[in-house]
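Colleague: I haven't looked at this one before, so could you walk me through it?
Modeller: Gladly; here it is, and then ask whatever you like.

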Amino acid sequence: MAGTDWKSALAALGATSDNVETSENKDVDRKKRVGVVYSTNTDFGYSENSDDEMMTLPKNQQKLRLYMERAGRGGKTVTIVKFFVGSEDDMMNLCKILKQKCGVGGSVKDGEIIIQGDHRERLLDILKKEGYTQTK
């Protein structure tokens, strides 16, 4: 078999190159499955990864809460905005607005907006002006 291409060698074994392509598709389908490595149940329905993001609540229905925190941050004070319900992109956009209006740095981590410094009163005013009326 040395010197022959793989398709002819595969055909000599009784398989075709089409079978190789379908097995590659099966591997891709198998990678999408969540939580199950193998099931002997023929009626088992695999759940697949879904990249559906949460729908963002309207601004007037968001119940945002502001907290000041110092623990675990090397003595640095930060203001945390919690309980934002929505997509990661919308949270990033809100963080960007808050950072710009306060003139400080910040980030989004673990579903919370972290703003450097103690800016609770300023952030409360900014969020109310932006339409987040249930903010405390």
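Colleague: How many bridges join β1 to β2?
Modeller: In this predicted model, 5 bridges join β1 to β2, which covers residues 78–82, and the two strands run antiparallel. One pairing you can look for is that of R65, whose bridge partner in β2 is K82.

Colleague: And in what order do the strands sit in the sheet?
Modeller: The order is β1-β2-β4-β3, in an open sheet of 4 strands with antiparallel pairing. The edges are taken by β1 (65–69) and β3 (106–109), and each of these has a single partner strand, so one side of each has no neighbour in the sheet. From one strand to the next, the twist averages 25°.

Colleague: Which helix packs on the sheet?
Modeller: That is α4, residues 120–130, which touches β1, β2 and β4 (112–116), and its direction makes about 160° with that of β1.

Colleague: Which residues of α4 are buried?
Modeller: L123, I126 and L127 are buried in α4. Around the axis they cover an arc of only 95°, which means that they lie on the same side of α4. The buried residues of this helix pack against β1, β2, α3 and β4, whereas the face turned away from the buried side carries the exposed residues E121 and K129.

Colleague: What comes just after α4?
Modeller: Just after α4 there is G131, which takes a positive phi of about 110°.

Colleague: Switching topic, how many residues are in the largest nonpolar core?
Modeller: The largest nonpolar core has 16 residues, and L64, V81, L94, L98, I113, L123 and L127 are those with the most contacts inside it. Two or more residues come from each of α3 (88–102), β4 and α4, and the largest share, 5 residues, is given by α3.

Colleague: What is L64 in contact with, leaving aside its neighbours within four places in sequence?
Modeller: Leaving those neighbours aside, the contacts of L64 include V81, K82, F83, F84, L94 and L127, and also Y132, Q134, T135 and K136.

Colleague: Now the whole chain: what pattern does it follow along the sequence?
Modeller: The protein chain has 4 helices and 4 strands, and along the sequence they follow the pattern α-α-β-β-α-β-β-α. Of the 136 residues in the protein chain, 21% are buried.

Colleague: And what does the accessible surface come to?
Modeller: For the protein chain it comes to about 9,900 Å², and 49% of that belongs to carbon and sulfur atoms.

Terms used:
Residues numbered from 1 in each chain as written. Predicted model: local features only at pLDDT ≥ 70, side-chain atom pairs only at ≥ 80, totals over all residues. Heavy atoms only, no water. Pairing = 2+ DSSP bridges. Axes fitted to C-alpha atoms, helices over the stretch in contact; angles between N-to-C directions. Contact = heavy atoms within 4.5 Å. Core = buried A, V, L, I, M, F, W, Y, C linked by side-chain atoms within 4.5 Å. Buried < 20%, exposed > 50% of the residue type's maximum accessible area, 1.4 Å probe, protein only. Areas by Shrake-Rupley, 256 points an atom, 1.4 Å probe, with all protein chains shown as cover. Arc of directions from axis to C-beta.
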